[in-house]
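Me: I am new to this structure and would like a close look at a single part of it. Please take the cysteines, and then add whatever else helps me find my way.

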Amino acid sequence: MKDSLTIKEFSKLSGIETTTLRYWDDIGIFSPAKRDPGNNYRRYAPEQLIAANFITVMSSLNVPLKTIARVEDERDPEMIMEMIEQQEKALDREMNRLRECYSIIHTRRELINYGLKVDESKITVMHMEEKEIILGPPSEFEEGKSFYEPFLQFCREAKSLRVNPSLPIGGYHGSMEDFLRAPDQPSRFFSLDPTGNVKCPAGEYLVGYTRGYYAVFGDLPERMAAYARENSLTFHGPVYSTYLLDEICYKDSDQYLAQISVAVKREKTG
C-alpha cells in the first residue's frame with residue numbers, strides 16, 4: 001500500500017464519503033495526515049483507516065460528533081460501554097416509537113380501506129376474525145350530560161391503560177339491550193390497540209353502518225333489531241361501535257362512518 005492516499009482513495013477504502021471526510025476535517029474531528037505542498041490536496045496515511053473506524057462506528061450508533069470529538073483522545077472501555085448503553089436505551093425508545101407508528105398506520109389503513117369499500121346501506125351478517133382491544137373502565141353517566149365526560153375520563157386514564165391516543169377509540173355496550181336503551185351512552189370505551197387486554201372473539205356478527213358524529217346513530221339500532229327478528233337471529237355479547245372514517249379523514253363530522261357490530265346466533269327452528 002502507498003505511504004499516503006488521496007481523499008478519493010481513502011474514501012474508497014474506508015467507505016466514507018469524500019464530502020463527509022471534508023466536513024470532518026473542517027470541524028477538526030478527523031484531518032488528513034498532511035497536505036500536498038504543491039496543491040494543498042489532502043493526503044491520508046494508511047493507518048488512519050483504523051482511526052477513522054472509531055468515528056464511523058460511533059456515528060452509526062447516532063453518537064453526536066461533538067461527543068465523539070470530546071472522548072476521542074481519552075476513551076477507554078468503561079467510557080465506551082457507558083456510551084453504548086446510553087445509545088441502546090435511546091434506540092429502544094425509538095424502536096418503540098416506530099412500532100407504535102406502524103401500529104397506527106396499519107390500523108387506520110385497514111379501517112379506511114374497509115370504510116371506502118363497504119356498502120353502508122346494508123345490514124348484514126358477516127364473519128369477523130378475533131381482534132384485541134384495550135377496554136377501559138366502566139363509564140359513569142350523569143343525568144343530562146353527554147358522553148363527553150366519560151370519554152374524557154377514558155382519555156385521562158389513557159397513560160395508565162397504555163393507550164396510544166392516536167389509535168381509534170370506540171364505544172362498548174354490554175349488550176344489545178343496553179345499546180337500544182341508550183346508544184349514546186357506551187358502558188365503556190375501547191382503543192383499537194392490537195396489543196390489547198381484551199379479545200373480541202371470532203364469529204358471526206350482525207353489522208350495520210351509519211354516518212354522523214360520535215354516538216349519533218339515528219335509527220340504526222332499531223333497524224338492526226328488526227333485521228335480527230326477521231332473520232331469526234339472537235344477540236349475544238357486547239356491541240362494538242367502531243369508526244371506520246373519522247376526523248382523520250373528514251373535517252365535516254356528518255361524514256364520519258361508524259360500524260356497529262354485535263355477535264349473533266341463528267335461532268333453531270322445528
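How far is the sulfur of Cys-200 from the closest cysteine sulfur, and in which residue does that sulfur lie?

Reply: The model is a predicted one. In it, the closest cysteine sulfur to that of Cys-200 belongs to Cys-155, at 19 Å, which is too far for a bond. A disulfide would need the two sulfur atoms within 2.5 Å. Cys-200 itself is buried, with a relative accessibility of 3%.

Cys-101 can be read in a similar way. Its sulfur lies 17 Å from the closest cysteine sulfur, that of Cys-249, and this too is too far for a bond. Cys-101 is partly exposed, at a relative accessible area of 31%. By the 2.5 Å rule, the count of disulfides is 0.

Another part to look at is helix 2, which spans residues 18-27. Its buried residues are Thr-18, Leu-21, Trp-24 and Asp-25. They sit on the same side of helix 2, because the arc they cover around the axis is only 120 degrees. The face turned away from this buried side carries Thr-19 and Asp-26, which are exposed.

What lies over the buried residues of helix 2 includes three helices and two strands, namely helix 1 (7-14), helix 3 (48-60), helix 4 (65-71), strand 2 (34-35) and strand 3 (42-44). After helix 2 comes Gly-28, and the phi of Gly-28 is positive, near 80 degrees.

How values were computed: Residues are numbered from 1 along each chain as its sequence is written. This is a predicted model: local features need pLDDT of at least 70, side-chain atom pairs count only at pLDDT 80 or more; totals for chains, interfaces and linings use all residues. Side-chain values use heavy atoms; hydrogens and water are left out. Buried means under 20% relative accessible area, exposed over 50%, partly exposed in between (1.4 Å probe, protein chains only). Helices (H or I, at least four residues) and strands (E, at least two) are DSSP runs, numbered from the N terminus. The arc is that of the directions from the helix axis to the C-beta atoms. Contact means heavy atoms within 4.5 Å.
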